[in-house]
Amino acid sequence: MKIFLLRSIMVAILVSLIGCQQNTTQTENLNTKADMEGFVEPEPSDWVKYTKPVREYMYYKTQAVVNKDINILWDKYRDLKDNFDRKQGVNIEKYEVESFNQSFDLLDANYNIESNDRIKVKIINDNEVVVLVHGSTVYLRNDFDESGGEYLIKVFLEHKDNHWTVVKTDEYTLPEYKEWIKEKE
């Protein structure tokens, strides 16, 4: 069990590094405390409203990784195809698909959007919210070992055509994650 936990932590750190290079200017200007302002646990009725689109996003994201085809995700969420920024962790799903599939043959995936913390929500207006997700994704490799781990991501939702949809993602980079952990302690 200890080996699995240690391996999971190491994989989580590696997953966080996907496409992220240390940028000293960025690291010096981090202010995750200000970035976290306004996020609260939603009421139970709102929790259902926001977890469903996040779970749906994670389903399409993991299917894109397992099937080695980013278009599975982009066909559902066209906005994620544009405006990506590897250094900032914005819309970087393409790089996760590429990274996992360079190293492994994957068979399946499991995700839990609240494995580390309950979701938090920041309401921008009646049609826009940001959901903070501290969860985990585990991919089953063809050798029946596992890869993946913890993630911390902001999922931007817009209310369009009578439902919530993902329009942007912002995964915490390793320096942002370290700062977030430090401030949380």
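Analyst: Two strands are said to pair if DSSP finds at least two bridges between them. Helices (H or I, at least four residues) and strands (E, at least two) are DSSP runs, numbered from the N terminus. This is a predicted model in which local features need pLDDT of at least 70 and side-chain atom pairs pLDDT 80 or more, while totals for chains, interfaces and linings use all residues. Residues are numbered from 1 along each chain as its sequence is written, and side-chain values use heavy atoms, with hydrogens and water left out.

User: What makes β4 and β5 a pair, and which residue stands opposite Lys160?

Analyst: DSSP pairing asks for at least two bridges. Strand β4 and strand β5 (residues 163–171) have 8, in the antiparallel sense, so they meet the definition. Lys160 stands opposite His163 in β5, and Lys154 stands opposite Asp170 in β5. The two strands form a hairpin with 2 residues between them. One residue of that turn, Asp161, has a positive phi of about 50 degrees. Asn162, in the loop between β4 and β5, also has a positive phi, about 70 degrees, although it is not a glycine.

User: How do you know that β3 pairs with β4?

Analyst: By the bridge count: β3 (residues 128–141) and β4 (residues 146–160) share 13 bridges in the antiparallel sense. Val129, for instance, has Leu157 of β4 as its bridge partner. This is a hairpin as well, with 4 residues between the strands. In its turn, Phe144 has a positive phi of about 65 degrees.

User: Why is Asn162 called exposed?

Analyst: The terms rest on relative accessible area: buried is under 20%, exposed is over 50%, and partly exposed lies in between (1.4 Å probe, protein chains only). Asn162 has 69%, so it is exposed. Asn83 is exposed too, because its value is 68%. Asn83 sits in the loop between α5 (71–76) and α6 (93–103). Its phi is positive, about 55 degrees, although it is not a glycine.

User: What makes Ser136 a buried residue, and which side chain does it meet in a polar contact?

Analyst: Ser136 has a relative accessible area of 18%, so it is buried. It belongs to strand β3. A polar contact of 2.9 Å joins its side chain to that of Ser115. That label requires a pair of N or O atoms within 3.5 Å; within protein, one must be able to donate a hydrogen and the other to accept it, and residues adjacent in sequence count only if both atoms are side-chain atoms. Contact in general means heavy atoms within 4.5 Å. Leaving aside neighbours within four places in sequence, Ser136 has contacts that include Asn110, Tyr111, Ser115, Gly149 and Tyr151.

User: How do you know that Tyr177 is buried, and where does it lie?

Analyst: Tyr177 has a relative accessible area of 18%, and therefore counts as buried. It lies in helix α7 (residues 174–184). Beyond neighbours within four places in sequence, Tyr177 is in contact with His134, Glu150, Leu152 and Tyr172. Its C-alpha atom is 7.4 Å from that of Leu152, a residue 25 places apart along the chain.

User: Why is β5 described as largely enclosed?

Analyst: Because 7 of its 9 residues are buried, β5 is largely enclosed by the rest of the structure.

User: How do you know that the span of helix α4 agrees with its number of residues?

Analyst: The expected span is 1.5 Å times one less than the number of residues. For the 23 residues of α4 (residues 44–66) this gives 33 Å; the end C-alpha atoms are 32 Å apart, so the two agree. Among the buried residues of α4 are Tyr50, Pro53, Tyr57, Met58 and Val65. After the helix comes Lys68, with a positive phi near 55 degrees.

User: What is the make-up of the whole chain?

Analyst: The protein chain has 7 helices and 5 strands, in the sequence pattern α-α-α-α-α-α-β-β-β-β-β-α. Buried residues account for 42% of its 185 residues. Of its contacts with a separation of 6 or more, 63% are between residues 24 or more positions apart.
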